[in-house]
Amino acid sequence: MHSPLVKLLQDTIKADGPMDIGQYIEIVLGHPKYGYYVTRDPLGQAGDFTTSPEISQMFGEMLGAYFAHQWMNLGSPARFTFLECGPGRGTLMADMMRIGKAFDGFRQAVEIHLVEISPVLRQKQAEALRGYGPVWHEDVSTVPDDVPILMVGNEFLDALPLRQFVMEEEGWCERYVDYNEEAGFHYINASSRDGLERNITCAAEIGDILEVAPLRDVVVQELCRKMKASGGAALLIDYGHIKTAPGDTFQAMKGHLDCDVLEHIGEADLTTHVDFEALKVQAEKMGAKVSDSVTQAAFLNLVGIAQRAEILRAKATPAQAEDIESAYHRLTDHDKMGALFKVIAINYER
Ligand code: SAH
């Protein structure tokens, strides 16, 4: 017996032909009724993956301090939008607000806006942010831009659809997901339907795979347009690479273990790494001031996570102190989340 989501994919492919990886990701993760994110809370021990804010409050606290500083850089505006895209359980926003509130005027000025497609997670966010009256959006387009925007997205862009191109003898071909009874879901390569590969400038050898994420570009452009209107500062944090380069980063994860992207459909998270060079190019085209991308370790150490860990440890029981120490290492060690995760800052003056 196939799940309704599997049936829907089979029927769509039968009717319209093979689908590109982007369509596949969009349906599997985001289908309004059966999508992976729409039907569950995927986070934590009992779920499929764990994120930085769920590992330690220090992550959100450092970001809270960063954004309080950005707010002051914008001249401490009397009203601003604090926007989070893909807020998960709302833990990051709650931790950021705990620190932000300590700054005079910040609490009075803030209006929290959340871009979230999952009703299950919206519910968790409502609980975590009780008292703040957050406003939810399906996508960035409806977020107000009449006041400055401080924006954060942690592991948000990696959930957005992306397409893959394979270099063959005759040039770039697109990778599609096809289905038939004998082979089940499988990949085929074919010429793309819209000629997107004509924009690829990256050098490649036969067999190389290049990933292109038009939807991420659209989100970054939209975000930039909004921040341009009244000023703003954004931080995007994700698994990813600083330079555009070939490579297949499409992965599925279930119960904290890697699995096949064409199996456990709707029961496993699908992710791809973010090309931070492509983000930087987009944001610069929109006239933003954009930082170089740095590792999560470099960013967190720069904003003082080691000092914060020290302060928390001093007040902790021996068992808590051990947890703080281990969380600090998980977030910043290069063989854990410190190096694979990157951070980029986008700024507009007021
Ligand atoms: N930022 C959180 C959660 C990361 S998981 C954390 O660090 O813990 C990805 C989040 O993005 C989830 O909240 C998921 O529901 C949301 N999401 C996934 N696809 C989305 C989309 N297309 N639009 C808006 N939110 C999306």
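Leaving aside neighbours within four places in sequence, Thr 51 is in contact with Leu 43, Asn 154, Glu 155 and Met 337, where contact means heavy atoms within 4.5 Å. The model is a predicted one, in which local features need pLDDT of at least 70 and side-chain atom pairs count only at pLDDT 80 or more, whereas totals for chains, interfaces and linings use all residues. Residues are numbered from 1 along each chain as its sequence is written, and side-chain values use heavy atoms, with hydrogens and water left out.

Thr 51 is found in the loop between helix H2 (21–30) and helix H3 (52–55); helices (H or I, at least four residues) and strands (E, at least two) are DSSP runs, numbered from the N terminus. With a relative accessible area of 7%, Thr 51 is buried, a term that denotes under 20% relative accessible area, while exposed denotes over 50% and partly exposed the range in between (1.4 Å probe, protein chains only). Thr 51 also belongs to the surroundings of the ligand, since of the 18 residues around the ligand, Thr 51, Gly 86, Gly 88, Glu 116 and Asn 154 come nearest; a residue is counted as near if one of its heavy atoms lies within 4 Å of the molecule or strand in question.

Three polar contacts with the ligand may be described individually, a polar contact being a pair of N or O atoms within 3.5 Å; within protein, one atom must be able to donate a hydrogen and the other to accept it, and residues adjacent in sequence count only if both atoms are side-chain atoms. An oxygen atom of the ligand is 2.5 Å from an N or O atom in the side chain of Thr 51, and an oxygen atom of the ligand is likewise 2.5 Å from an N or O atom in the side chain of Glu 116. At Asn 154 the backbone is involved, a polar backbone atom of this residue being 2.7 Å from a nitrogen atom of the ligand. Taken alone, the ligand exposes 570 Å², of which the protein buries 93%; accessible areas come from the Shrake-Rupley method with a 1.4 Å probe, and for residues only the protein chains shown count as cover.

Attention turns next to strand S7. Of the 10 residues of strand S7 (residues 171–180), 9 are buried, so the strand is largely enclosed by the rest of the structure. Strand S1 (residues 19–20) runs antiparallel to S7 and is joined to it by 2 bridges, two strands being taken to pair if DSSP finds at least two bridges between them; here Met 19 stands opposite Val 177 in S7. Strand S6 (residues 163–168) is also antiparallel to S7, with 4 bridges joining the two, and Glu 168 has Gly 171 in S7 as its bridge partner. The connection from S6 to S7 is a hairpin through 2 residues. With strand S8 (residues 184–190), S7 pairs in the antiparallel sense over 7 bridges, including one in which the partner of Tyr 179 is Phe 185 in S8, and S7 and S8 form a hairpin with 3 residues between them.

A search of the whole structure finds 20 salt bridges, each defined as a side-chain nitrogen of Lys or Arg within 4 Å of a carboxyl oxygen of Asp or Glu. In one of them, the side chains of Glu 181 and Lys 14 meet at 3.8 Å, N to O. Because Glu 181 lies in the loop between S7 and S8 and Lys 14 in helix H1 (residues 4–16), the pair ties together parts that are 167 residues apart in sequence. Glu 181 counts as exposed at 56% relative accessibility, as does Lys 14 at 54%. Lys 280 forms a salt bridge with Glu 284, the closest N and O atoms being 3.6 Å apart; these residues are 4 residues apart in helix H9 (residues 276–285) and so are separated by about one helical turn. A further salt bridge links Lys 336 with Asp 333, with the closest N and O atoms 3.3 Å apart. Salt bridges that share partners also join Asp 20, Arg 163, Glu 174 and Asp 194 into one network.

Leu 331, in helix H12 (residues 318–332), is buried, with a relative accessible area of 0%. Leu 331 and Gln 296 are 35 residues apart in sequence and 7.6 Å apart in space, C-alpha to C-alpha. Beyond neighbours within four places in sequence, the residues in contact with Leu 331 include Ser 52, Phe 59, Gln 296 and Met 337.
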